[in-house]
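Trainee: Got a minute to go through this one with me? I'd like to get a feel for how it packs.

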Amino acid sequence: MDFFKSQESLTAIGWILRSIVGFVFLLFAAKMMGQRSISQLRFLDFIIAMTLGNIIAHPLSDEHLGLKGSMITTVSLVILYIVAIWLSLKIPLLKQFFDPPAITLIQDGKLDYKNLSKAKLPIEFLYVELRKSNVEDISKVAFAAWEPGGTLSVFMNTAYKPITPADLKLPTQPFNLTKPIITDGHMEHALLREIGKDQAWLETEIQPLALKNVILATVDSKLTVQVHSKK
């Protein structure tokens, strides 16, 4: 455990062991913080991500620094993060501070320059985000807002929305979800249990191919299996 403490120098094995410990420790820290910190970087998430990255990076590159201090600091910050999230759910003022409301940028086809300045967004960037949503004309937008997670939500005027089968009162087929049941020759046993089937059924469905020769196989809600094999 010498690699764990401050050293004058570390061997190659010591650096490798320190990297492994730091990596695994960060995985557990991220797991403790939850899915929110991974899926989107809001104000609080950004602060904690930047801080944790710097804290754990230093002992991984400097042999004179031990891992103990960095790990204690990281655990403390993770606890503070969880407490801050909990408090933001209980105290509206903190919630507004950590998770500010979305900023309206377009209302009824008109651009709100004041809010655009408040969001600190150049108008060119707004047009880039609109193009990502396949919007070529601001006048067609009923409502657009800049979300705290750094994304633009766009809602088109009803006159410019695509016509759906429901609008025309046409009959439609039920939603049919396709899921991967074999990836790189490995079965998804949890999915097999979910659909009430076993390995023998799946092997019958992919015949004449062997399981090891299947790169991808999918199954839909109707239990139809599609197979993609190795060339």
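Mentor: Sure, let's talk through the cores, the sheet and the aromatic pairs, keeping in mind that this is a predicted model.

Trainee: Cores first, then. Which residues touch the most other members of the largest nonpolar core?

Mentor: That core has 15 residues, and the ones touching the most other members are Leu105, Ile106, Leu126, Leu130, Trp146 and Leu152. At least two core residues come from each of β1 (103-107), α7 (123-132) and β3 (141-146).

Trainee: What is leucine 105 in contact with, leaving aside its neighbours within four places in sequence?

Mentor: Its contacts include Leu116, Leu121 and Leu126, along with Ala144, Ala145, Trp146 and Leu152. Polar residues show up too, among them Lys110, Asp112 and Asn115.

Mentor: Apart from that core lies another one, with 12 residues, including Ile182, Met187, Trp201 and Val214.

Trainee: OK, switching to the sheet. What order do the 4 strands come in?

Mentor: The order is β6-β5-β7-β8, an open sheet with antiparallel pairing. β6 (186-187) and β8 are the edge strands with a single partner strand each, so each has one side without a neighbour in the sheet.

Trainee: How many bridges join β7 to β8?

Mentor: There are 5, between residues 214-219 of β7 and 225-229 of β8. One of the bridge partnerships puts threonine 218 with glutamine 226 in β8. The two strands make a hairpin with 5 residues between them, and leucine 223 in the turn has a positive phi of about 65°.

Trainee: And what about β5 against β7, how many bridges there?

Mentor: β5 (residues 179-183) is joined to β7 by 4 bridges, again running antiparallel. Lysine 179 stands opposite valine 219 in β7.

Trainee: Last topic: how many aromatic pairs turn up in the whole structure?

Mentor: The search finds 2. In one of them, phenylalanine 125 and tryptophan 146 have ring centres 5.8 Å apart and planes at 75°, so that pair is edge-to-face. The pair links distant parts of the chain, with phenylalanine 125 in helix α7 and tryptophan 146 in strand β3, 21 residues apart.

Trainee: Is tryptophan 146 buried or exposed?

Mentor: Tryptophan 146 is buried, at 15% relative accessible area, while phenylalanine 125 counts as partly exposed at 32%.

Trainee: What about the rings of phenylalanine 143 and phenylalanine 155, how far apart are their centres?

Mentor: Those centres are 6.3 Å apart with the planes at 40°, so the pair is tilted. Phenylalanine 143 sits in β3 and phenylalanine 155 in β4 (residues 152-156), so the pair ties together parts 12 residues apart in sequence. Phenylalanine 143 is partly exposed, with a relative accessible area of 27%.

Methods
Residues are numbered from 1 along each chain as its sequence is written. This is a predicted model: local features need pLDDT of at least 70, side-chain atom pairs count only at pLDDT 80 or more; totals for chains, interfaces and linings use all residues. Side-chain values use heavy atoms; hydrogens and water are left out. A nonpolar core is a set of buried Ala, Val, Leu, Ile, Met, Phe, Trp, Tyr and Cys residues joined through side-chain atoms within 4.5 Å. Buried means under 20% relative accessible area, exposed over 50%, partly exposed in between (1.4 Å probe, protein chains only). Contact means heavy atoms within 4.5 Å. Two strands pair if DSSP finds at least two bridges between them. Rings of Phe, Tyr and Trp (its six-membered ring) pair if their centres lie within 6.5 Å; planes under 30 degrees apart count as stacked, over 60 as edge-to-face and the rest as tilted.
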